[in-house]
Amino acid sequence: MDKKYIKEETQVKEIVAPYIKNWKYFLSTTFLILILAIYYIKSNAPVYKIQTSVLIKDAKKMSSASGDFGVLQSLGAFSGMGTNSIENELEIFKSRTIIEDVVKQYNFQTPVYAKQTWHDVELYGKSNPYIINVIGEKPEEEAPKKPIKIISKGNEVILSSKEWNKDIKGYFNRTISLPFANIIITKNTNFRLPKKMKMDDVYFYYNNMESTIIDFQESLSVDLVDMDATVIGLAVDSQNKDKAKDFLNSIVRQYNEYAIKDKNIESKKTKDFIDGRIRIISKELGDVETQKEDYKSSNNIVDLPTEAKINLQLKEQSKAQILEIETQLELNKILKNTLYKKGKGDILPVNIGLESEAAAKSIQEYNTLIFQRNKYLENASPDNPLIKEANKQIEEMKSSLVESLQKNVTSLELAKRKVETQLGGSEQMISKIPAREKLFRSIERQQQIKENLYLLLLQKREEAAISMEITAEKARIIDKAFSGRKPISPKKMIILAISLVLGFVIPFLFIYIKLLLQSKIIRRNDLSKLTDVPVLAEIPKLRNKENVLVSFNDVSPMAEAFRIFVTNLKFLLPVKDSPNVILVTSSVKGEGKTFVSTNLSIVLASSRDKVLVIGADIRNPQLQRYNPSMKSARGLTEFLSGEEINVNNIIHPSGYNENCDFIYSGAIPPNPTDLLQNGKLNELLSIIKSQNIYKYIVLDSAPLLLVTDSLLIVEKSDAIVYVTRSEVTEKSYLEFLNNSIESNKLKNVGLVLNGINESNFGYGNKFGYGYHAEEKKWWQFFR
């Protein structure tokens, strides 16, 4: 259980180690992104969300009110205020007509800005020194894309832009002709210089009316606050709070003005119809009164009521019924004639005394369809499917209304006949009343009908006039336009949080991808994962100006690493009296074979043991580089080729340690493989061993993966030191090593990881050892 825990802990440390090692990247990246985030926040003007909410009144709910409003509602004066579909009202708020009126009212075409240190500020209202009015656009010209700078000198105005070849001069309160429009600039008498704001550089943008309307339509958000209510919320995002508030409040105001205007159209038409009917009834009433006067004069009638007083009690009930029926018949005929004369867009008078509830209801429905059709026509053509459908419904309703009126007339005529029959029976009983009284009463009856109609129409005309004067707003403001205290953009905390996350994620991903794509050996653990061959040592990477070779009493990390190497190597070597042959090789060139061989021999020789280093890489000799004066010295090649038969003539002192000698590679031969196979190398090793001078013989051989030279001499070695180099050796090279060991081509192999950074050490002395070891200062950890 403990071993498993230690293994898991080690795996976690291996995963975390690359990230901890590169903590400077995390810190620097986070710092840089935070600086960029702060710059972004400072360089972007804050944007606020401005909102307002209105309640759309329901006309149907208002119609149930009692009192005077109930009487006025019967005229249909408020029917236009009904909200048949709240979705329609949402679209009306965003309509082009309303937006255009608001844009023109506040000159939103020419926003004015003042250049500031971090971001430009829009000037509006009292903070704007200039009022710019567009009095005429030039649609054939393209609108400018660059800002137009304003410079004023007394009454003179100078306008400049990067798009113009020269400045344009003008004067306040006078027309200034620009390439794209004619404008008038006036000084704002209410201007107040804002605190902590520079007004040295003031400019404005020009947008044509079409694009301005589209921009404001897109910026305006209109939606229901609650799906079960008729409360609409309007919102807009803007850098200038006052401008956005004026925009929203003006939209609501314009909406109410258009709603009131629509409502008054119906009331006005009702009033006009009543005025026309009054003129007709007035003329008819005058004719009846003249007829009555003539009849009395010709028949010498003074007081018929006194003469028929006794019979009136019997006939009163029948006469009253006939009077009422005939009044209703006359109203039905009037409405019937009016219906034939009216067009599709004209409405009928309502509540003029008709007692038939079905007919009155049909008239109200007919007027509602007419009003809805006219409303559609404001935004659509007559060919629109909605208009056609409305026309169809109007025709159907018209036919239904005619039929209803006709049925009502038939019913009234039947009722009239019945009452007249009753009246005739009673009149027969009054035989003493002269026949002329009947005719007189007929004339008087017509007079009463006309008078009743005349008075009723006068009353309705006054009601219609009153309704036009007391029109209520359709949208009641619940909350005037207001702004939140905090800007919605830029979101400082979110941006800073994102920058912190990015400061961690970016280097994390970089390191992760680098590790994922890493194909080279980096640290000791990489070797342990790829092969079972023991790792003898980790040789640190040379620092700048550091000595390449280990010196006497050296306490540097490199010297300590080679001492550890020697200690571990001795466990690998067999115990015998004859010299131990150590073959130093690698996969490819550049992994540090000669460096390891030379320093290995120096450390072995430090313990008073004689060591001989043989430059066995005769294809690419490297041993001479540590002693350039021996570059042309005779060496191994001369012995193998037979040019030199005396071994002592090719053995040279190293110059670094008196116990360490070198046999250099000599001249580069044209046939290195043949020389290594001719048996002369065995003879050389036998002679050296027979001298019994050297305890260790180190063969600095060629790379195994490139040539077969080293494989020809591996049998002559007691141990093989396989050199790998951090950040140079490919991981795939270890597969070649494993295959060579499995096929018994290589035996008794130990690995050396060369050129490793101190931060990648698996274990060992990173900073040196001894009294003279250099202690790192705190700032050196950041190098």
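Reader: Which residues of H11 are buried in this model?

Author: An α-helix has 3.6 residues a turn, so residues three or four places apart point the same way. In this predicted model, the buried positions of H11 are Ala359, Ser362, Ile363, Tyr366, Asn367, Leu369, Ile370, Phe371, Gln372 and Arg373. Helix H11 itself covers residues 357-379, 23 residues in total. From first to last C-alpha H11 reaches 34 Å, close to the 33 Å expected at 1.5 Å a residue.

Reader: How should one read the packing of two helices, and at what angle do H2 and H14 pack?

Author: Angles over 145 degrees count as roughly antiparallel. Helix H2 (residues 23-43) packs against helix H14 (residues 492-517) at about 150°, with the axes 8 Å apart; the two are therefore roughly antiparallel to each other. The crossing of H2 past H14 is right-handed. Among the residues making this contact are Phe26, Ile33 and Ile41 of H2, with Leu496, Phe504 and Ile511 of H14.

Reader: At roughly what angle do the axes of H16 and H17 cross?

Author: The range of 65 to 115 degrees counts as roughly perpendicular. The axes of H16 (residues 557-572) and H17 (residues 593-605) cross at roughly 80° and come within 10 Å, so these helices are roughly perpendicular to each other. Their contact includes Phe562, Phe565 and Leu569 from H16, and Phe595, Leu600 and Val603 from H17.

Reader: Where does UniProt place the coiled-coil region?

Author: The unreviewed UniProt entry places the "coiled-coil region" at residues 387-422. Over this stretch, the model is 100% helix and 0% strand, and its end C-alpha atoms lie 52 Å apart.

Terms used
Residues are numbered from 1 along each chain as its sequence is written. This is a predicted model: local features need pLDDT of at least 70, side-chain atom pairs count only at pLDDT 80 or more; totals for chains, interfaces and linings use all residues. Side-chain values use heavy atoms; hydrogens and water are left out. UniProt positions are given in the numbering used here, feature names are shortened, and annotations may be inferred rather than shown by experiment. Helices (H or I, at least four residues) and strands (E, at least two) are DSSP runs, numbered from the N terminus. The expected span of a helix is 1.5 Å times one less than its number of residues. Buried means under 20% relative accessible area, exposed over 50%, partly exposed in between (1.4 Å probe, protein chains only). Axes are lines fitted to C-alpha atoms, for helices over the stretch in contact, and angles run from 0 to 180 degrees between N-to-C directions. Angles under 35 degrees count as roughly parallel, over 145 as roughly antiparallel, 65 to 115 as roughly perpendicular and the rest as oblique. A crossing is left-handed if the near helix is turned anticlockwise from the far one by less than a right angle, and right-handed if clockwise. Contact means heavy atoms within 4.5 Å.
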